[in-house]
Amino acid sequence: MHARSSQPVPEGLVELVEAELLPQLVIRSPHPHDPVVVEQLPAPWRSLGSGNYAAVLHHPRHSELVVKVYAPGRPGLTREAEVYRRIGTHPAFSVCHHVGQGYLVLQRLQGTTLYDCVREGVPIPLQLVRDIDAAIAYAESRGLHGHDVHGRNVLLHRDRGRIVDISDFLNPEPCDAWRDLRRAYHLLYRPVIAPLRLRVPTPLLERLRRGYRLYRHLRSRA
Ligand SMILES: Nc1ncnc2c1ncn2[C@@H]1O[C@H](COP(=O)(O)OP(=O)(O)OP(=O)(O)O)[C@@H](O)[C@H]1O
Ligand SMILES: [Mg+2]
């Protein structure tokens, strides 16, 4: 695949990725519905997070950028590159700098995922909900769809919201992920979790994540 981007490819990073990172990186996707696992990562690369398709890594010399490496056999890289091509520039989204073989180079977005906010007891302001609503409306104005906007794909940074993963934004099928998350924010988070400053433990969050996935699956078949 050719490098394709509206942004300049950062000097030296592509060589670092292809000569140092990829030959030594070992990642696998144990289950399509669970995050990929990074089993081996050469120094000084660091992992910033994993989704069900890819691991997101960064190099200290290029701290403004991340490398999103798709796990073997996991699809979607070409579609994600296309979403970035269409979405243009907006403060709630990252920018794609380079499309490589099995990986993308993206602008790094600082922030904490909503999943981690709830785990760590970081307060989530109402402004975040407004920012995500506005970001999805903007994406729709570009002919895209706010698909799969879930708790690991939304970041809180300095009281503002961003969508860190727009890989499913070409998918026109209805998706209730953000609507359901917004509802949970108003019904559960603001009245109960936030005032009591509760931290939701990881095992409970994982159970909720899997339960919600099952609920979505059953609802889509109903
Ligand atoms: N541009 C970025 N800057 C900083 N961190 C990022 C960036 N992109 C992704 N991450 C981190 O890496 C994690 C996994 O990335 P991402 O959600 O894009 O992977 P995915 O496999 O496409 O996810 P999904 O399972 O939602 O499809 C995110 O939850 C986030 O913590
Ligand atoms: Mg994701």
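In this predicted model, helix H2 is followed by Gly-88, whose phi is positive, near 70°. The helix itself spans residues 77–87, and its buried residues are Leu-77, Glu-80, Ala-81, Glu-82, Val-83, Tyr-84 and Ile-87. The cover over these buried positions includes three strands, namely E5 (65–70), E6 (96–99) and E7 (103–107), together with helix H4 (126–141).

The loop between E5 and H2 contains Ala-71. This residue counts as buried because its relative accessibility is 2%, where the limit for a buried residue is under 20%. Leaving aside residues up to four places away in sequence, Ala-71 touches Ile-27, Arg-28, Ser-29, Val-36, Tyr-53 and Ala-54. Val-95 is 24 residues from Ala-71 along the chain, and the C-alpha atoms of the two are separated by 21 Å.

Two of the residues that Ala-71 touches, Tyr-53 and Ala-54, lead to the region of strands E3 and E4. Strand E3 comprises residues 46–50 and strand E4 residues 54–58; the two run antiparallel and are joined by four bridges. Within this pairing, Arg-46 stands opposite His-58 in E4. The connection from E3 to E4 is a hairpin through three residues.

Ahead of E3 the backbone has a further feature. The peptide bond joining Ala-43 and Pro-44 is cis, with omega about 0°. Pro-44 is placed in the loop between strand E2 (37–40) and E3. For context, most peptide bonds are trans.

The region of E3 and E4 also takes part in the surroundings of ligand 1. There are 22 residues around this ligand, and those that come nearest are Asn-52, Tyr-53, Lys-68, Leu-109 and Arg-152. Two polar contacts involve the protein backbone: an oxygen atom of ligand 1 is 2.7 Å from a polar backbone atom of Asn-52, and an oxygen atom of the ligand is 2.9 Å from a polar backbone atom of Ala-54. A side chain contributes as well, since an N or O atom in the side chain of His-150 is 2.9 Å from an oxygen atom of ligand 1. On its own, ligand 1 has 620 Å² of accessible area, and the protein covers 94% of this area. The elements that give two or more residues to the shell are E3, E4 and E5, and the largest share, three residues, comes from E3. By residue class, the shell divides into seven nonpolar, 10 polar and five charged residues.

Further along the chain, the loop between H4 and E9 holds His-147. With 10% relative accessibility, His-147 counts as buried. Apart from residues up to four places away in sequence, His-147 touches Asp-168, Phe-169, Asn-171, Glu-173, Pro-174 and Cys-175. The contact with Glu-173 includes a polar pair, in which the backbone oxygen of Glu-173 lies 3.1 Å from a polar atom of the His-147 side chain. Asp-176 is 29 residues from His-147 along the chain, yet the C-alpha atoms of these two residues are separated by 8.0 Å.

Strand E9 belongs to an open sheet of three strands in the order E8-E9-E10, with antiparallel pairing. Its edge strands are E8 (112–113) and E10 (160–163), each of which pairs on one side only. Between E8 and E9 (residues 154–157) there are two bridges in the antiparallel sense, and the bridge partner of Thr-113 in E9 is Leu-155.

The loop between E9 and E10 contains Arg-158. Phi of Arg-158 is near 45°, a positive value in a residue other than glycine. Most residues other than glycine have a negative phi. Arg-158 is exposed because its relative accessible area is 73%, where exposed requires over 50%.

A second arginine has a positive phi: Arg-197, at about 50°, although it is not a glycine. Arg-197 lies in the loop between helix H5 (177–193) and helix H6 (202–221). With a relative accessible area of 68%, Arg-197 is likewise exposed.

Terms used: Residues numbered from 1 in each chain as written. Chains lettered and ligands numbered in written order. Predicted model: local features only at pLDDT ≥ 70, side-chain atom pairs only at ≥ 80, totals over all residues. Heavy atoms only, no water. Buried < 20%, exposed > 50% of the residue type's maximum accessible area, 1.4 Å probe, protein only. Contact = heavy atoms within 4.5 Å. Pairing = 2+ DSSP bridges. Near = heavy atom within 4 Å. Polar contact = N/O pair within 3.5 Å; in protein donor to acceptor, adjacent residues only side chain to side chain. Areas by Shrake-Rupley, 256 points an atom, 1.4 Å probe, with all protein chains shown as cover. Nonpolar A, V, L, I, M, F, W, Y, C, P; charged D, E, K, R; others polar.
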